[in-house]
Amino acid sequence: MRSNFISRNRNKKATDAQQRRAAALLLGPSLAGVAVFCLIPFAEVVRRSFTDALGRRFVGLANYKTVVSNSAFRTAAANSARFLCVCIPALLALSLAMALLTRAAGRRGRLFSASFLLPLAVPVASIVLLWKVLFAQRGLANTVLAALGARQVDFMGTGAAFWVLVATYLWKNSGYDMVLWAAGLDRISRSQYEAAAVDGANAWQTFWAITWPGLGPTLALTALLSLINSFKVFREAYLVAGAYPHESMYLLQHLFNNWFLDLELGRITAAAVLVVGAMLTGAAVFLAVVRRLRRGEKKC
């Protein structure tokens, strides 16, 4: 029997080694592409952040000091942080509610879920045209306000521009996140809901005891993808309001675009390193919190 155990162990090790070689062979091209097109260029960005504009003379932290003391950078960073703090929680809550409603509707909910995905198929140019029709000084929104006897709003020339940007982001990405939540809901076993129903649990208790804990991995993935998609809203903002929009919607992407046109390479590289560092730190903290919550739920 010992010889059989040893032979099975050897066969298992050989199989594991073959699987590792196959995985390395399949992942090799992708990892090489990521290294060539992402990691190596970013390493060069980090190096250039400590040099002059030509990348030849070492200047230490001079570029970082210039960026941090720049008022435009502080405004753009504050607006971007505000945008993320408002949009990410709102998008997660809205898309989760949509996923739960379409799931509760059964077959009829599939028609609604398909309509929620339509904004993803709308080209950016069409969104910009719709934005202008709705929120221009004499657009549809102000026409409705005037008909109701309310005072007209300069949507793109006041602080309301920020909330227009938020609404556009939610409208554009809610359907995508809804699909992710729906996939997470499908992973939860139906037997748990049946057991909760037998025990007399109501809908709210079922959600907090079964649905929400089961959506832990989906929450992490959806939040990270929402964070990435939030940086794509610059396209609409730039096409509508140009390189210098109202201060409330002046984002980091506007700043990078303007500095690039002025060939401020030292500032761009330093600011890029700061932004990436902040994003990685925030993502690491968020994932750590999610893991801790999941561990606490398993202990309970």
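In the predicted model, A43 is located in helix 1, which comprises residues 2-48. With a relative accessibility of 45%, A43 is classed as partly exposed, since this value falls between the limits of 20% for buried and 50% for exposed residues. Although A43 and V273 are 230 residues apart along the chain, their C-alpha atoms are separated by 9.8 Å.

The overall architecture provides the setting for this pair. The protein contains 14 helices and 0 strands, and its succession of elements from the N terminus is accordingly α-α-α-α-α-α-α-α-α-α-α-α-α-α. A radius of gyration of 25 Å was computed for the protein, well over the 19 Å given by the globule rule for 300 residues, so the protein is more spread out than a compact globule. The C-alpha trace spans about 80 × 60 × 35 Å along the principal axes. Of the 300 residues, 32% count as buried. Among contacts in the protein with a separation of 6 or more, 68% are accounted for by residues 24 or more positions apart.

A buried position was examined in helix 8, where Y169 is found. The relative accessible area of Y169 is 1%, and the residue is therefore buried, the cut-off being under 20%. When neighbours within four places in sequence are left aside, the contacts of Y169 are with F83, C87, I88, L91, S226, N229, S230 and V233. For one of these partners, V233, the C-alpha atom is separated from that of Y169 by 6.5 Å, while the two residues are 64 residues apart along the chain.

Helix 12 spans residues 234-241, and helix 13 spans residues 252-261. The two helices pack at an angle of about 65°, and their axes are 10 Å apart. Their crossing is right-handed. On the side of helix 12, the contact is formed by F234, A237 and Y238, and on the side of helix 13 by Q253, H254 and N257. Classified by residue type, this contact comprises 3 nonpolar and 3 polar residues, with no charged residues.

The buried residues of helix 12 are F234, E236 and A237. Viewed down the helix axis, the buried residues of helix 12 fall within an arc of 165°, and they therefore line one face of the helix. The cover over these buried residues includes helix 6 (124-135), helix 8 (160-187) and helix 13. Two of them, F234 and A237, also belong to the contact with helix 13. In general, residues three or four places apart point the same way, because an α-helix has 3.6 residues a turn. After helix 12 comes G242, which has a positive phi, near 80°.

A further positive phi was found at L263, which is not a glycine and has a value of about 60°. Most residues other than glycine have a negative phi. L263 lies in the loop between helix 13 and helix 14, the latter comprising residues 265-299. The relative accessibility of L263 is 60%, so the residue counts as exposed, the threshold being over 50%.

Methods:
Residues numbered from 1 in each chain as written. Predicted model: local features only at pLDDT ≥ 70, side-chain atom pairs only at ≥ 80, totals over all residues. Heavy atoms only, no water. Axes fitted to C-alpha atoms, helices over the stretch in contact; angles between N-to-C directions. Helix = DSSP H or I, 4+ residues; strand = E, 2+ residues; numbered from the N terminus. Left-handed = near helix turned anticlockwise from the far one by under 90°. Contact = heavy atoms within 4.5 Å. Nonpolar A, V, L, I, M, F, W, Y, C, P; charged D, E, K, R; others polar. Buried < 20%, exposed > 50% of the residue type's maximum accessible area, 1.4 Å probe, protein only. Arc of directions from axis to C-beta. Rg over C-alpha atoms; globule rule 2.2 N^0.38 Å.
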